[in-house]
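Visitor: I should like to understand the terms used for a protein model, and the reasoning behind each of them. May we go through them one by one?

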Amino acid sequence: MLATETIAVAMSGGVDSSTVAAMLRAEGHNVIGLTMQLWNQRRLAGHAGMPESVQGRCCSIDDVYDARRVAETLGIPYYVVNHEERFERDVVRPFVEEYLAGRTPIPCSLCNNHLKFDQLLIVAQQIGADQIATGHYARISFDDQLGRWLLKRPADRSKDQTYFLFGLTQEQLSRTLFPLGNMTKPEVREVARKHSLVIAEKPDSQEICFVPGGDYKRFIDAYLSEQGEQLPDTSGELVTTDGKVLGHHEGVHNFTVGQRKGLGVATGSPLYVININGAEGKVTVGENDDLLSRTLIARDLNWIAVDGLHDSGAEANTPMRVTAKIRHRHEPASAVLENAPNGEVRVTFDQPQRAITPGQAVVFYDGDIVVGGGWIAETAKD
């Protein structure tokens with residue numbers, strides 16, 4: 001980083017991004033605060049069972065107010081950029097469609113890919129900023145030998161957000177700063193206190209930002225109703241792994257792989273959702289051991305530390321050993337990557353993993369380095 005640069009800070013109104021702005025300002029940089037207005041938190045409040053008030057959601061109107069107060073405290077320019085239309089198109093609508101198809105999506109990754117590290121960089125460039133900085137817990141460095149920008153896990157593993165950042169391109173990484181990558185959350189709060197930031201003790205935001213109350217099933221009902229659309233009929237049979245019909249369910253969007261409660265059937269032993277067939281409306285349930293799988297197929301891959309398994313060359317089809325993470329709180333497990341048809345990758349774990357879920361991301365690591373990642377399309381026992 002140059003001694004003095006113009007840096008746009010993505011300010012969410014939380015302690016992390018606010019502290020980033022304070023740190024960079026103290027270092028003498030020209031800091032500009034940017035907040036992306038993505039979703040009207042009151043839009044569905046009170047609608048069809050949704051709560052009247054919303055708290056603990058990032059990017060809310062209250063967060064915009066907090067970000068503006070921090071900017072005033074720091075004496076930096078501050079702008080709100082409205083991207084609600086694109087957020088609905090690229091994040092909210094796909095979220096609804098994925099659930100209705102029987103998959104479990106990750107809107108945070110879609111938001112990072114399509115908005116926070118795409119549109120925000122464009123806006124930053126338009127206002128004369130050389131780079132953007134965010135409050136994500138991750139690290140970026142340039143490897144001279146590889147000639148590539150690398151994304152790495154942070155010092156505070158409990159706050160690791162690299163799972164949601166696997167879609168970043170080389171161009172985006174080259175213009176992005178993660179100043180909190182070598183800090184712990186308590187250290188960040190202490191810096192916020194030293195700079196007298198009003199949000200120093202503000203709790204972290206929780207769950208999906210655009211789902212009031214965190215109930216995605218009610219959100220889908222309310223959203224479709226608001227759009228004047230009927231909830232499609234995805235009802236069907238609830239069956240065991242050996243094909244026995246246990247009952248009837250009202251829609252595949254009411255289930256996710258690994259779910260135990262709310263199945264609507266009672267047996268002598270606990271049952272879990274093992275598989276969801278959106279096309280047939282069939283939900284398969286079974287015992288805990290039935291959730292274990294060794295293999296998955298990943299699609300729509302993004303490679304960061306390598307050119308990818310599908311590039312031409314002598315090593316194009318050579319299996320790659322990595323550790324792979326199948327959900328945010330999952331500890332990366334040893335696995336092998338191999339080419340699969342149609343530009344996909346087969347991931348085979350050394351040991352079976354629990355509740356591999358189509359629609360979620362799988363992210364590959366080499367130690368602390370993010371090799372790349374993609375979206376889970378299907379699973380297999382071996």
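Visitor: Which strand supplies the largest share of the lining of the second largest pocket?

Guide: This is a predicted model. In it, strand 17 gives five residues to that lining, the largest share. Strand 10 (272–277), strand 12 (292–303) and strand 17 (369–380) each supply at least two residues.

Visitor: Which residues lie nearest the centre of the second largest pocket, and how many line it?

Guide: The lining of this pocket has 25 residues, and nearest the centre lie Ile274, Asn275, Ile276, Pro358 and Thr379. The volume of the pocket is about 340 Å³. By character, the lining consists of 12 nonpolar, eight polar and five charged residues.

Visitor: What makes the pair of phenylalanine 95 and phenylalanine 210 edge-to-face?

Guide: A pair of aromatic rings is described by the distance of the centres and the angle of the planes. The structure holds 14 aromatic pairs. In the pair formed by phenylalanine 95 and phenylalanine 210, the ring centres are 5.2 Å apart and the planes stand at 90°. Centres within 6.5 Å make a pair, and planes over 60 degrees apart count as edge-to-face. The pair of phenylalanine 95 and phenylalanine 210 is therefore edge-to-face.

Visitor: Why is this pair said to tie together parts that are apart in sequence?

Guide: Phenylalanine 95 belongs to helix 3, whereas phenylalanine 210 is in the loop between helix 7 (185–194) and helix 8 (216–226), so the pair ties together parts 115 residues apart in sequence. Both rings also belong to a cluster linked by ring pairs, whose other members are Trp39, Phe87, Tyr99, Tyr216, Phe219 and Tyr223.

Visitor: Are phenylalanine 95 and phenylalanine 210 buried or exposed?

Guide: Buried means under 20% relative accessible area. Phenylalanine 95 has 1% and is therefore buried. Phenylalanine 210 likewise has 1% relative accessibility, so this residue counts as buried.

Visitor: Why is threonine 240 called buried?

Guide: The relative accessible area of threonine 240 is 17%. The limit is under 20%, so the value falls in the buried class. Threonine 240 is placed in strand 8 (residues 236–240). Leaving aside residues up to four places away in sequence, threonine 240 touches Leu246, Thr284 and Val285.

Visitor: Why does aspartate 300 count as exposed?

Guide: Exposed means over 50% relative accessible area. Aspartate 300 has 52% relative accessibility and therefore counts as exposed. This residue is found in strand 12. Its phi is near 50°, a positive value in a residue other than glycine.

Visitor: Why does asparagine 342 count as exposed?

Guide: At 74% relative accessibility, asparagine 342 is over the limit of 50%, so the residue counts as exposed. Asparagine 342 lies in the loop between strand 14 (333–340) and strand 15 (344–354). Phi of asparagine 342 is near 65°, a positive value in a residue other than glycine.

Visitor: How do you know that arginine 153 lies over the face of tyrosine 365?

Guide: The distance of arginine 153 from the ring centre of tyrosine 365 is 5.4 Å. The rule asks for CZ of Arg within 6 Å of the ring centre and within 35 degrees of the ring normal. The distance satisfies the first condition, so the rule then turns on the angle. Arginine 153 is indeed assigned to the face of tyrosine 365. Arginine 354 lies over the face of tyrosine 272, at 5.3 Å from the ring centre.

Technical notes: Residues numbered from 1 in each chain as written. Predicted model: local features only at pLDDT ≥ 70, side-chain atom pairs only at ≥ 80, totals over all residues. Heavy atoms only, no water. 1 Å grid on protein atoms, 1.4 Å probe; cavity = no way out; pocket = protein on both sides within 12 Å on 5 of 7 lines; lining within 4 Å. Points joined across faces, edges and corners; volume = space filled by probe spheres on them. Helix = DSSP H or I, 4+ residues; strand = E, 2+ residues; numbered from the N terminus. Nonpolar A, V, L, I, M, F, W, Y, C, P; charged D, E, K, R; others polar. Phe/Tyr/Trp six-rings, centres within 6.5 Å; stacked < 30°, edge-to-face > 60°. Buried < 20%, exposed > 50% of the residue type's maximum accessible area, 1.4 Å probe, protein only. Contact = heavy atoms within 4.5 Å.
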